[in-house]
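Me: I am new to this structure. Please take me through the terms used for it, one at a time.

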Amino acid sequence: MALDITVASYGGDDAKLLTAEVQAEYGRRYGGDGDISPIEPAQFDAPDGRFVIGYLDGEPAASGGWRRGGPRGTTDAEIKRMYVRPQFARQGHARAVLAELERSAREAGITRLVLETGLAQPEAIALYTSSGYEAIEPFGFYAAYDDSAHYGKIL
């Protein structure tokens, strides 16, 4: 079954549900409360960002977003909140969400997507590196964390 990817508000109910789940997963893997970097929901609103949710039979299955900004300023955008619910994992949904984020960022004039992920997320690292993302200099909130990995891709 194909994932129905829809633009959503980061502050909407389904986004809040998926964000709470991914935060719990980050907490499980790293301890603490999950990703503590500052995020404002409006950062994911057009024209400076986009947040999407992928649905299967009307059920939220995956999410991801980008917000303008990064090491090179406003021509960069940072990927945040990539997540696939466990019951929908390993079916290509993360790759579909990532492709939509890349498409929409390119359309918005972004020339490079960047991201930070943790070393305790080998499946995320595998997704990004197999999708053409390369290691870049650490940036942003987690730049000094030893368990962080930073990647970028020219669009």
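Reply: Here are some questions about the model, with short answers.

Reply: This is a predicted model, where local features need pLDDT of at least 70, side-chain atom pairs count only at pLDDT 80 or more, and totals for chains, interfaces and linings use all residues. Residues are numbered from 1 along each chain as its sequence is written, and side-chain values use heavy atoms, with hydrogens and water left out.

Me: What makes up the secondary structure of the protein chain?

Reply: Three helices and seven strands. Helices (H or I, at least four residues) and strands (E, at least two) are DSSP runs, numbered from the N terminus. Along the sequence the pattern reads β-α-β-β-β-α-β-α-β-β.

Me: Why is the protein chain called as compact as a globular protein of its length?

Reply: The globule rule is 2.2 Å times the number of residues to the power 0.38, and the radius of gyration is taken over C-alpha atoms. For 155 residues the rule gives 15 Å; the protein chain has 14 Å, which is close, so it is as compact as a globular protein of that length. Its C-alpha atoms fill a box of roughly 40 × 35 × 30 Å along the principal axes.

Me: Why is Glu78 called buried?

Reply: Buried means under 20% relative accessible area, exposed over 50%, and partly exposed in between (1.4 Å probe, protein chains only). Glu78 has 12%, so it is buried. This residue lies in strand E4. Leaving aside neighbours within four places in sequence, its contacts (heavy atoms within 4.5 Å) include Trp66, Arg67 and Phe139.

Me: How do you know that Ser104 counts as buried?

Reply: Its relative accessibility is 4%, so Ser104 falls in the buried class. Ser104 lies in helix H2. Beyond neighbours within four places in sequence, Ser104 is in contact with Arg50 and Trp66. Across the protein chain, 46% of the 155 residues count as buried.

Me: What makes a space a pocket?

Reply: On a 1 Å grid over the protein atoms alone, a pocket is an open set of points where a 1.4 Å probe fits, with protein on both sides within 12 Å along at least five of seven lines. Lining residues have an atom within 4 Å of a point. The largest pocket holds about 1,100 Å³ of space. That volume is the space filled by probe spheres set on the points, which are joined across faces, edges and corners. Of its 39 lining residues, Arg29, Met82, Gln121, Glu123 and Ala124 are the closest to the centre.
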